[in-house]
Amino acid sequence: MTALPVPLPSAKMAAVEKRRLAMAPAANFTDSSRPPVSGAAATTESEEDFLQQVGVTKMLRAALLKVLEARPEEPISFLAHYFENMGLSTPANSGAGEPPGQLLLQQQRLGRALWHLRLAHHSQRTAFNNNVGVAYECLSASGRKKKPGLDGRTYSELLKRICRDGEAPEEVVAPLLRKIQCRDHEAVPLDVFRTGMLTCFVLLEFVGRAAALYQLLEDPTLAVADRRMGQAVLDTLEGALQASSGASAPAHYLEAGSRLGPDSLALAMDRALVARRPSSPMTREEFLEKAAALFIAKVKPVG
């Protein structure tokens with residue numbers, strides 16, 4: 001015997017019909033002009049738009065370009081320092097505060113500019129020049145009471161910081177600083193700024209190579225070198241610099257010094273020993289000062 005369907009109670013039927021009508025608008029009112037977009041795709045699109053709007057995409061792209069330019073041995077540490085320096089004050093939020101705040105802001109700008117200058121070696125000409133431009137912009141930011149531009153005081157302070165952090169003796173670099181510094185309130189254009197930065201970095205490397213030469217001459221027991229030998233090396237170095245007298249860039253003088261081969265140095269030292277003249281000690285400081293003086297004599301003064 002076939003069972004007859006049992007009718008639903010009227011209250012339950014009303015509830016089912018109500019749910020069906022509530023779901024109908026969502027199914028009927030669809031946009032036929034565009035294909036349906038999944039929730040995951042819409043979320044992804046909105047996230048990308050957000051990153052672009054707040055500048056994160058542009059910042060990450062710039063960070064990766066810096067890694068490719070510098071090619072550091074520890075890229076993760078490099079990026080950490082990069083973003084740390086990005087957090088320092090920028091032209092958009094600078095200029096507020098009383099003089100103590102301005103002094104702190106100035107130190108932050110100097111530190112940030114110095115960091116950019118060290119991202120690439122000066123021999124990587126394109127990357128180094130780009131970083132010089134960024135450092136110049138960092139220091140040229142204007143506050144509410146200052147006009148944009150770089151003054152001689154800030155420029156000279158950065159030169160001193162470069163030389164001090166390079167661990168070169170003060171008496172060695174002081175003559176160079178006097179030659180390429182600007183007056184405190186003098187406006188410093190970008191080309192002067194670039195030449196000054198390059199000259200400082202090249203001098204530090206030049207002094208480092210001179211220190212390595214002195215180490216070859218030094219008597220380890222007395223911690224001094226024979227004056228005849230030291231002067232012979234300095235004369236040979238001066239001859240190499242004179243041969244590059246037509247060059248104008250400081251890096252060319254460094255290249256001239258690097259062309260001092262072992263044969264030319266050995267020949268000069270042999271001549272010094274054959275002379276058999278009375279000699280006296282030459283200290284490391286004296287040797288470095290004289291070597292740096294040969295380089296500085298080739299540098300054109302500012303102005």
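Helix axes that cross at an angle over 145 degrees count as roughly antiparallel. In this predicted model, the axes of helix H8 and helix H9 (residues 190-217) cross at roughly 165° and come within 11 Å. H8 and H9 are therefore roughly antiparallel to each other. The crossing in which H8 passes H9 is right-handed. On the H8 side, the contact is made by Val172, Val173, Leu176, Leu177 and Ile180, and on the H9 side by Gly196, Thr199, Cys200, Leu203 and Val207. By class, eight residues of this contact are nonpolar and two are polar, with no charged residue.

A further helix pair involves H8 (residues 170-180) and helix H7 (residues 152-165), whose axes come within 11 Å and cross at roughly 160°. The pair H7 and H8 is therefore also roughly antiparallel. H7 passes H8 in a right-handed crossing. Tyr155, Leu159, Lys160 and Cys163 of H7 take part in the contact, together with Val173, Leu177 and Ile180 of H8. Six residues of the contact between H7 and H8 are nonpolar, none is polar and one is charged. Val173, Leu177 and Ile180 of H8 thus appear in the contact with H7 and in the contact with H9.

The strands S1, S2 and S3 form an open sheet in that order, with antiparallel pairing. Strand S1 (218-219) and strand S3 (281-282) are the edge strands; each has a single partner strand, so one side of each is left without a neighbour in the sheet. Two bridges join S1 to strand S2 (residues 224-226) in the antiparallel sense. Within the sheet, aspartate 219 stands opposite valine 224 of S2.

Confidence varies along the protein chain. The mean pLDDT of the chain is 74, and 60% of its residues reach 70 or more. Helix H6 (residues 125-139) has the highest confidence, at a mean of 93, whereas helix H1 (residues 10-28) has the lowest, at 52. Two stretches with pLDDT below 50 can be described by their contacts. Over residues 25-34 the pLDDT is below 50, and this stretch has zero contacts in the model beyond near neighbours in sequence. Over residues 88-98 the pLDDT is also below 50, but 20 contacts are present beyond near neighbours in sequence.

Notes
Residues numbered from 1 in each chain as written. Predicted model: local features only at pLDDT ≥ 70, side-chain atom pairs only at ≥ 80, totals over all residues. Heavy atoms only, no water. pLDDT = per-residue confidence, 0-100. Helix = DSSP H or I, 4+ residues; strand = E, 2+ residues; numbered from the N terminus. Contact = heavy atoms within 4.5 Å. Axes fitted to C-alpha atoms, helices over the stretch in contact; angles between N-to-C directions. Parallel < 35°, antiparallel > 145°, perpendicular 65-115°, else oblique. Left-handed = near helix turned anticlockwise from the far one by under 90°. Nonpolar A, V, L, I, M, F, W, Y, C, P; charged D, E, K, R; others polar. Pairing = 2+ DSSP bridges.
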